[in-house]
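Thank you all for making time this morning. I would like to walk you through one structure slowly, starting from a single residue and working outwards from there.

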Amino acid sequence: MELLADLAAWFADPANWSGRDAIPVRLSEHLLISGLAMAAALAVALPTGLYIGHSGRFDLVAINLANMGRAVPSYALLVVFFGIFVMETRSAALFTNGPTVLAMIALAVPSIVTNAWVGLRAVDADLVEAARGMGMRESQVLRRVELPLALPVILAGIRTATVQVIATAALGAVIGGGGLGRYIVQGLARFDDARLLAGAVMVAALAIGADVGLGWLERRAAARTGSAADAEAGAATGRGPAGAERPAGV
Amino acid sequence: MPEIGPLVDFPWLLERVDMLALRTAEHVWLTAIAVGAGFAISFGLALLIRRLPIAYGPITAAASILYAIPSLALFALLVPIIGRSVLTVEIALVGYTLLILVHNIVAGFRSVPAEVIDAADALGYTAWGRLWRVELPLALPIIVAGLRIATVTTIGLVTVAALIAPWGLGFLITDGFRRFFPTLYLTGAALSVALAMIADALFVALERRVTPWTRPAEPPTTPERATAAG
Amino acid sequence: MPDSRGADKTAATLELRGVTKRYGRGATATTAVDDLSFTVPAGMICALVGPSGSGKTTTLRMINRLIEPTSGEIVLDGQDVMHDDPVELRRRIGYVIQQVGLLPHLTVGENVAVVPRLLRWERERIAARVDELLALVGLDPARHRQRYPVELSGGERQRVGVARALAADPPLLLMDEPFGAVDPIRRERLQNELLRLQQRLAKTIVFVTHDIDEAIKMGDLIAVLRQGGRLAQFGPPAEVLANPASDFVARFVGADRGLKRLSLERVRDLQLGTPVTARPGDDAAAARARVLDDPFPYLLLVDAEDRPIGWVDQDDIGAEGTLGADMAVPMSPFLSPHTTLRDALSLLLGEAVMAGIVVDERERLLGLVSVEQIAERLRTPVANA
């Protein structure tokens, strides 16, 4: 199909490899803001989720967070954050990626918290009892018993969040951010199908790569601890596959 | 840098209630078609998996990959092939529902206890009779939970679709952003969130109504009444 | 509405001819049921008993074609079940399993009504039948009709299961360890109730159990199966107990099969002994003469209505005067004609006496039963069951 030929031509074109819109530039932008957002989200969400899951308190927070996280469309969130930024800084040019990163963090947190909670809650209470009985401190119980067993589900949450973040980064281009999403936005505006397709392919490849890669990690963790129950747990609590809390780019 | 006035111009909004209603209706309509079509396809796939269990792996893997693709990218992939129309949007949306719905429909069927299936066969239900009158009602709770997730997430995805075609509440966001008009995009954002939450609440209520038999009206009568012993 | 194929009767004859079930092919094939043949006459309970792996459940499930036989015939009232549409066949056969399998999304009433609905009975007829059956199994229809299975106790669920199986008045009832999941006390009660039900309904029942005592209690006929699904013995419980056909059957039945046999017979089956009796106020000398004549050294004092008061040792009777009630020692247990020989033996041994007094429902003397008599019974071969 000539579409594929156009696509190949676009990638071959040296103009797309230099300047502000160069592929390496946009790609590294995308990876940078995604990484930043994930790091921040993990720093906030992981300890919170582990605490809620281990102590069993504030259960409602975890449940409602998941529901709310699911219901808020990321596009809406991006725009709201943009609006707030513009209000605060009276400038739309500065911090082009600021609102995006904030939105990404906000969207990544629920998956991580909820899955950490679900994963820890699913650990056999008898094992935890036994560990405490053996004289382990709470932090040791968490580290040596609960965490390894809950790891697959926690990783599933991180995987969902990562894919979510990559998707939101792409969407961020719509409100003026950088990253691979810029190609899509430009392609749509200019009716340039090759550029549109190229951007889409790159974003998709990045997201799928992250999903498959983290999925492999998740499976390895599950194989090691023999806990393949995350899918069933997800279905039983009505949340669908544990790794599929929300589709990317919502 | 254009001057940005008061954040939300309510009088302006009130003048355009019918426009807001129209956009909301469009949004609901797009969601309904996607979830409806997605459910029909997923149900068919689930029946196939019921007959051929090895199909579950491949089908789930394919749906999973589709699901991982960011919506913006998926729309963008389809535009050069199908163009910028409702069809493009619907195809992508339906694709996103598949993973959740197939998984939950299959899980729903698998949640029916083996002895209930055995009893149904022994009573003399035909294969179809058993499917519709025994397995489906018992699978309903998990299926409805899946529909709930699918609907809420689709509502979110429809906002992004506005970048392709000017439909739904997402259009308020896109248009408002383009014109640096906070009233418009904030309203679009707020309405789409509200819509998602209302849909979520409706499905929660539906989940409860669909299973009258899981909430006992009176507790089981414990020590069995001493009937005239044999 | 009678079923179309000769199953209008309330009970059918069931015949298995060379029924075999094999899984797999060639060298790796396993035989679950091996050339099984027996006949269950209409209105009788046949207990299928054997260790696990003996193919009893497989056999049961072949009768209503939940499993298809590899070879052989299963004949219900002269009609080979293989010639029927399996779905229609199952609507004519009742089926009760251990976990009951009540449909959770239907009320008790709707559960019982399943087969009548499938057979398209009129609504009033179904409603009446549901109430009739619930009452039959000891559940108040008004209270239970609208309840859901999740609200019921284990015993209640079992009863609903039985009611559901009987709903369309099937000529054959299949039961797979139906009382296995309840505690022993409830189990005994449910067993007794089923036997009472059977006295009223006289259905043909095939009853699978791994418990030989249950098989003896419930079965009019017992089919003992061994590993590999082969028939080890088929016959009435008394026959199986008295004359086990092989070492396997003897071992399976248990070393105490003699005692088990005793639970099949009752006091009324024995020739009761006649004691020497007298009333208070009778002449002592005459009574003494009679007692001395009798090998048994005791006199039984009874009242005006022939109700026993107690025993008098012959040595304690004076040569003159009259007998007085205060001379009697009430030391023997009372037995009823319905008491099983096993229970009678148990009582006699427990009280460490040689004989028990048999009385009727008004406590009037019928006769004596001795431990020796009961033991003698064990030694007699079973003439006819």
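Let me begin with a question: is Ala202(C) partly exposed or buried, going by the other C-beta atoms within 10 Å? Please keep in mind as we go that what you see is a predicted model. Ala202(C) has 14 other C-beta atoms within 10 Å, and because a residue needs 20 or more of these to count as buried and 12 or fewer to count as exposed, Ala202(C) is partly exposed. This residue sits in the loop between helix 8 and strand 8 (204-209) of chain C, and its phi is near 50 degrees, which is a positive value in a residue other than glycine. As background, most residues other than glycine have a negative phi.

There is another residue of this kind to point out, namely Arg65(C), whose phi is near 60 degrees and therefore positive as well, again in a residue that is not glycine. Arg65(C) belongs to the loop between helix 1 (56-63) and strand 4 (71-76) of chain C, and with 20 C-beta neighbours inside 10 Å it counts as buried.

Let me go back now to helix 8 of chain C, since Ala202(C) comes just after it. At 1.5 Å a residue, the 18 residues of this helix should span 26 Å, and the end C-alpha atoms are 25 Å apart, which agrees. Within helix 8 of chain C, the residues Leu190(C), Glu193(C) and Leu194(C) are buried. These three cover an arc of only 105 degrees around the axis, so they lie on the same side of the helix. The buried residues of helix 8 of chain C pack against helix 7 of chain C, whereas the face turned away from that buried side carries the exposed residues Pro184(C), Ile185(C) and Gln199(C).

Finally, a few words on how the chains meet. The contact between chains C and B takes 29 residues from chain C and 26 residues from chain B. On the side of chain C that touches chain B, helix 8 of chain C gives the largest share, six residues, and the elements that give two or more residues there also include helix 7 (154-166) and strand 6 (93-97) of chain C. By class, that side of chain C has 13 nonpolar, eight polar and eight charged residues.

Of the two pairs of chains in contact, however, it is chains A and B that share the most contacts, while chain A and chain C do not touch, their nearest C-alpha atoms being 17 Å apart.

Note on methods: Residues numbered from 1 in each chain as written. Chains lettered and ligands numbered in written order. Predicted model: local features only at pLDDT ≥ 70, side-chain atom pairs only at ≥ 80, totals over all residues. Contact = placed C-beta atoms within 7 Å. Helix = DSSP H or I, 4+ residues; strand = E, 2+ residues; numbered from the N terminus. Nonpolar A, V, L, I, M, F, W, Y, C, P; charged D, E, K, R; others polar. Expected span 1.5 Å × (residues − 1). Arc of directions from axis to C-beta.
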